[in-house]
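This report covers strand pairing, helix packing and aromatic contacts in one protein chain. The sequence and the structure come first.

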Amino acid sequence: MTTTTLSSSQLHSHLFLAQLISQQSLAYFTLEEQQLTVLDAPVESSHKLVLFTEGLQLDHVQLVANALAKQITISGYSVLQSQGVEGFALCAHIELKAADDIKTLLVATAEQLSIELCLIDTVPSLQEPGLLLMDMDSTVIAVECIDEIAELAGVGEQVAAVTAQAMQGKLDFAESLRTRVACLAQADERIIQQVRQALPLMPGIANLVKVLKAHNWKLAIASGGFTYFADYLAERLELDGAFANQLEIVDGKLTGQVKGKIVDAQVKADTLHSLAKQWDIPADQTIAMGDGANDLVMMAAAAFGVAFHAKPVVREQANVSISKGSMDALIWILQAGEI
C-alpha cells in the first residue's frame with residue numbers, strides 16, 4: 001500500500017482522478033482527510049454505494065463521505081469501468097449505521113452535489129443471463145410519443161396535461177390513454193410517421209444493449225405507448241421483443257381508438273413474468289426500468305427496479321435511481337454487485 005497527501009487542486013480535478021485510473025491503474029483505494037491510500041484488493045462490505053457523474057472528482061468522494069457520516073461507514077472504494085461504457089464510476093464499500101430515511105438523504109445529497117448515488121446490496125449478476133424490461137417513452141427514447149403526435153396535430157396542450165397527470169399516478173392509465181388518443185381522431189398517419197423518423201434515443205441505450213447482449217441478456221420494451229414506435233425501436237436496437245398498444249388507423253387517418261387490450265401497469269408486470277418464463281430467466285435475474293407511475297408494478301415484479309430520469313414517486317420506490325446519467329450507467333451498478 002502507498003499513501004499520498006493530495007493538494008486541493010488535485011481533489012478538485014476530474015483530470016487528476018482520470019489519470020490516476022488510466023495511467024496509474026488505480027483500482028482500489030481509501031480517502032481520508034486528503035490522504036489517498038492505494039489498496040491491493042477490494043474490501044468486504046454488506047452494502048455498496050455507486051457514485052458517478054460527468055466530471056467525477058475526488059472532492060465528490062470526500063463530500064459524500066462527510067454528508068453521510070452519521071448513516072454509513074466507508075471502508076474503501078473500487079473503480080468501476082466497462083468496455084463500451086464511456087468514463088468510470090466509483091463503488092464505496094459501506095456498512096449502514098442508520099437505515100432510517102437513508103434513501104431520502106441520498107436523494108438530497110445527490111441533488112446538492114450534482115452526483116448520482118445508488119445504494120445497493122444484492123443485484124442481478126452481469127455474468128449470468130438475465131432480462132431487462134424497459135419502458136419506452138422518456139426511457140428508451142427522450143420524448144413522450146403521444147405528446148409529439150398531439151403537438152403536430154394541434155392538440156398538444158390538451159394531451160400533455162392528461163399525460164402529466166397519468167405519469168404522476170393521479171389518473172387511471174387506461175382511461176387517460178383512451179382520453180388522449182380520442183383527441184387525435186382524424187390526425188393524418190403522416191404525422192406519426194414524422195414522429196417515428198425523428199425519435200431521439202436516450203443517451204447510452206445503444207451501449208447498454210450491446211454490453212448486456214454480450215453477456216447473454218434478453219432486452220425488451222413494455223410500453224403504454226404504441227406499437228408503431230415500439231416495434232420500430234425493437235428492430236432498430238435489435239431488442240428481443242416489444243409490447244405496446246395498437247393505434248387504430250383507417251384510410252390513413254387515426255380513428256381516436258386503441259385496438260385490443262390496453263398495456264397498463266399490470267400488463268407490464270405480467271409481461272415481465274411471461275418473458276422470464278419464456279426465456280428461462282431466473283426471477284432474481286430480472287430488471288425493470290422506467291420513469292413513470294405506470295412502471296411501478298413492473299418494477300416491483302422484477303428483482304431489481306431502476307428509476308430512470310423518473311418522477312419523484314418512482315424514485316422513492318425504486319431500488320436505485322439514475323437521474324442525470326445515461327442508460328448504460330446501469331452496467332456500473334451491476335458491476336458493483338460483483339465486487
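Phenylalanine 229 has a relative accessibility of 0% and therefore counts as buried. The model is a predicted one, and the values below are computed from it. Tyrosine 228 is buried as well, because its relative accessible area of 15% falls under the cut-off of 20%.

Phenylalanine 229 and tyrosine 228 both take part in the contact of helix α10 with helix α8. Helix α8 covers residues 189-197, and its axis lies 10 Å from that of α10, at an angle of about 35 degrees. The crossing of α8 over α10 is right-handed. On the α8 side the contact is made by Glu189, Ile192, Gln193, Val195 and Arg196, and on the α10 side by Tyr228, Phe229 and Tyr232. Five residues of this contact are nonpolar, one is polar and two are charged.

**The seven-stranded sheet**

An open sheet holds seven strands in the order β11-β10-β9-β8-β12-β13-β14, and the pairing is mixed. Strands β11 (253-259) and β14 (320-322) are the edges; each has a single partner strand, so one side of each has no neighbour in the sheet. From one strand to the next the twist averages 25 degrees. Within this sheet, β9 and β10 are parallel, and phenylalanine 226 stands opposite asparagine 245 in β10. Helix α10 (residues 227-237) packs on the sheet and touches β9 and β10, with its direction at about 140 degrees to that of β10.

**Strand pairs**

The table lists three strand pairs, one of them from the sheet described above.

| Strands | Sense | Bridges |
|---|---|---|
| β9 (residues 218-226) and β10 (residues 241-250) | parallel | four bridges |
| β4 (residues 47-52) and β6 (residues 85-96) | antiparallel | five bridges |
| β5 and β6 | antiparallel | nine bridges |

Strand β6 thus appears with β4 and with β5. Leucine 49 has alanine 92 of β6 as its bridge partner, and serine 82 stands opposite valine 85 in β6. Two residues separate the strands in the hairpin of β5 and β6, where glycine 84 takes a positive phi near 95 degrees.

Ahead of β5 (72-82), glutamine 71 lies in the loop that follows α3 (58-67). Is glutamine 71 buried or exposed? Its relative accessibility is 16%, so glutamine 71 counts as buried. Leaving aside residues up to four places away in sequence, glutamine 71 touches Glu95, Leu96, Lys97, Ala98, Ile102 and Leu105.

**Aromatic pairs**

A pair of aromatic rings is described by how far apart the centres are and by the angle of the planes. How many aromatic pairs does the structure hold? There are three. One of them joins phenylalanine 29 and tyrosine 77, which are stacked at 5.2 Å centre to centre with 20 degrees between the planes. This pair links distant parts of the chain, as phenylalanine 29 in strand β2 (residues 28-32) and tyrosine 77 in strand β5 are 48 residues apart. Both phenylalanine 29 and tyrosine 77 are buried.

Tyrosine 228 and phenylalanine 229 form another pair: their ring centres are 5.6 Å apart and their planes stand at 65 degrees, so the pair is edge-to-face. These two residues also belong to the α10 side of the contact with α8.

Technical notes
Residues numbered from 1 in each chain as written. Predicted model: local features only at pLDDT ≥ 70, side-chain atom pairs only at ≥ 80, totals over all residues. Heavy atoms only, no water. Pairing = 2+ DSSP bridges. Axes fitted to C-alpha atoms, helices over the stretch in contact; angles between N-to-C directions. Contact = heavy atoms within 4.5 Å. Buried < 20%, exposed > 50% of the residue type's maximum accessible area, 1.4 Å probe, protein only. Phe/Tyr/Trp six-rings, centres within 6.5 Å; stacked < 30°, edge-to-face > 60°. Left-handed = near helix turned anticlockwise from the far one by under 90°. Nonpolar A, V, L, I, M, F, W, Y, C, P; charged D, E, K, R; others polar.
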